[in-house]
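Student: I have a model open and want to learn how to read its sheets and cores. Where do we start?

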Amino acid sequence: MQAIDRDFDVVVYGATGFTGALVAEYLAERYGCGGDLRWAIAGRSADKLAALKVSLGDAASGLEAIVTDSADDAALATLAGRTRVVLTTVGPYALYGSKLVAACVNAGTHYCDLAGEVQWIRQMVDQHHERATETGARIVHCCGFDSIPMDMGAYFLQQEAMRRHGSYCGDIALFVKATSGSASGGTLASMMNIVKEARENRDVGRVLGDPYALNPEGERDGPDGRDQQKVLHDDTAGCWTAPFIMAGVNTRVVRRSHALAGYPWGKDFRYREAVMTGTGAGGWLKGNMMAFALGALAIGIYFRPTRSLLRRFVLPKPGEGPDEKAREAGFFNLMQVGKLPGGQIIRTRITGDRDPGYGSTSKMLAEAAVCLAKDELSSPGGVLTPAYAMGEHLLERLRANAGLTFDVRD
């Protein structure tokens, strides 16, 4: 089990990257340096770590900077042994994350990341869940825009359904009403690596296409089929809808949360996601334009020549991101619709006050790490999900500190 005499509560690994620096800035502003939260920064470059400390101000002069490389097993083991939680932004995680997860599992150290790479998360489940259960390490992937709002949103809706109606919903649909913000360079780099892996290994493609790919072994089936692939008129949303690019991650995380909890919502529970595009001909046209753009991006990423051109001239690079003004101007607005067994409908709204890819994501990830480090959680060790690992504790932190709202819409 995890030792109680660690040097730190949280270590931010990858702190000199764009998102990692945002996490460090948030922790410095929200929790200070040298206060009740004992935290440190880590990365490959001593010079960049020193520059980050300067950028954080005089109060960060005593912040410890740990030089660690993702390929150095011994250094990662030492890092994991010094802290209660490792927060990492170093992706693509399939390329740079596996050794760190193993180190945390063996040390009984909690871990959180921004991974949205289903094929890699499945590997971590298969390789480490049992051992993490033994050591008490909570390994929590998907702690950014994918998939905290959706995973915690489903948790919140079901808690409200039980409180108000005495039963859980058998069906939840999440709709993206509006977002403002730029695509994350790290997310796109991960997508490119996923495509590369799928081209080289057919088993990767099968995992990516399985709606229950992240469920526990022996429980990878259920009533849900493939994620929405085309423009549809959705009676639940009351408008046209288009495929949501992150549904392939989020839906599987929500299903794993449900499975880890022992299926309290029923084995026939269904969950889906889509983007609302509007009513009438305009909504249909907008939906088809979005679907076409997603298809073009997928084709462009699939073929090596176009993938190189996209990487060089079009897509943002890992380590790059929007300026502060753009991040603060961003937002997201999501709607969930749950159907109760008696036919009643419960609607919830989830919002964030920064751009989803960077500003909001950095706050969500930071609060997840603090929650793992400081809160009295009842979940066991294992490869978990945000909702199952942290539940009400994380919900409270997101509302109080991270600019998220979760509300029932009567």
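Tutor: We will go through the sheets, then the cores. Keep in mind that this is a predicted model.

Student: In what order do the strands of the open sheet lie, and with what pairing?

Tutor: Read a sheet by who sits beside whom, not by numbering. Here seven strands form an open sheet in the order β3-β2-β1-β4-β5-β6-β13, and the pairing is parallel.

Student: Which are the edge strands?

Tutor: Look for strands that pair on one side only. They are β3 (65-67) and β13 (382-384). From one strand to the next, the twist averages 20 degrees.

Student: How many bridges join β2 to β3?

Tutor: Three. Strand β2 covers residues 39-43 and runs parallel to β3. For a landmark, find Ala 42, which stands opposite Ile 66 in β3.

Student: Which strands does helix α3 lie across?

Tutor: Helix α3 (residues 73-82) lies across β1 (8-13), β2, β3 and β4 (83-88). Its direction makes an angle of about 120 degrees with β4.

Student: Now β11. Which strands should I look at beside it?

Tutor: Take its partners one by one. Strand β7 (residues 171-180) pairs with β11 in the antiparallel sense, over nine bridges. In that pair, Ile 172 stands opposite Gly 338 of β11. Strand β12 (residues 345-352) is also antiparallel to β11, joined by eight bridges. There, Val 337 stands opposite Arg 347 in β12.

Student: What lies between the strands in the hairpin of β11 and β12?

Tutor: Five residues. Check the backbone at Gly 343 in this hairpin: its phi is positive, near 95 degrees.

Student: Is strand β11 mostly covered or mostly open?

Tutor: Mostly covered. Of the nine residues in β11 (331-339), seven are buried.

Student: Why look for a nonpolar core at all?

Tutor: In soluble globular proteins, nonpolar side chains tend to be buried together. In this model, the largest nonpolar core has 104 residues. Those with the most contacts inside it are Val 10, Leu 27, Trp 39, Ile 139, Met 152, Met 390 and Leu 398.

Student: Which helix gives the most to this core?

Tutor: Helix α14 (residues 359-374), with nine residues.

Student: What is Leu 398 in contact with, leaving aside its neighbours within four places in sequence?

Tutor: Ile 148, Met 152, Met 364, Gly 403, Leu 404 and Phe 406.

Student: How many residues are in the second core?

Tutor: Eight, and this core is separate. Phe 175, Ala 237, Ala 274 and Met 335 are among them.

Key:
Residues numbered from 1 in each chain as written. Predicted model: local features only at pLDDT ≥ 70, side-chain atom pairs only at ≥ 80, totals over all residues. Heavy atoms only, no water. Pairing = 2+ DSSP bridges. Helix = DSSP H or I, 4+ residues; strand = E, 2+ residues; numbered from the N terminus. Axes fitted to C-alpha atoms, helices over the stretch in contact; angles between N-to-C directions. Contact = heavy atoms within 4.5 Å. Core = buried A, V, L, I, M, F, W, Y, C linked by side-chain atoms within 4.5 Å. Buried < 20%, exposed > 50% of the residue type's maximum accessible area, 1.4 Å probe, protein only.
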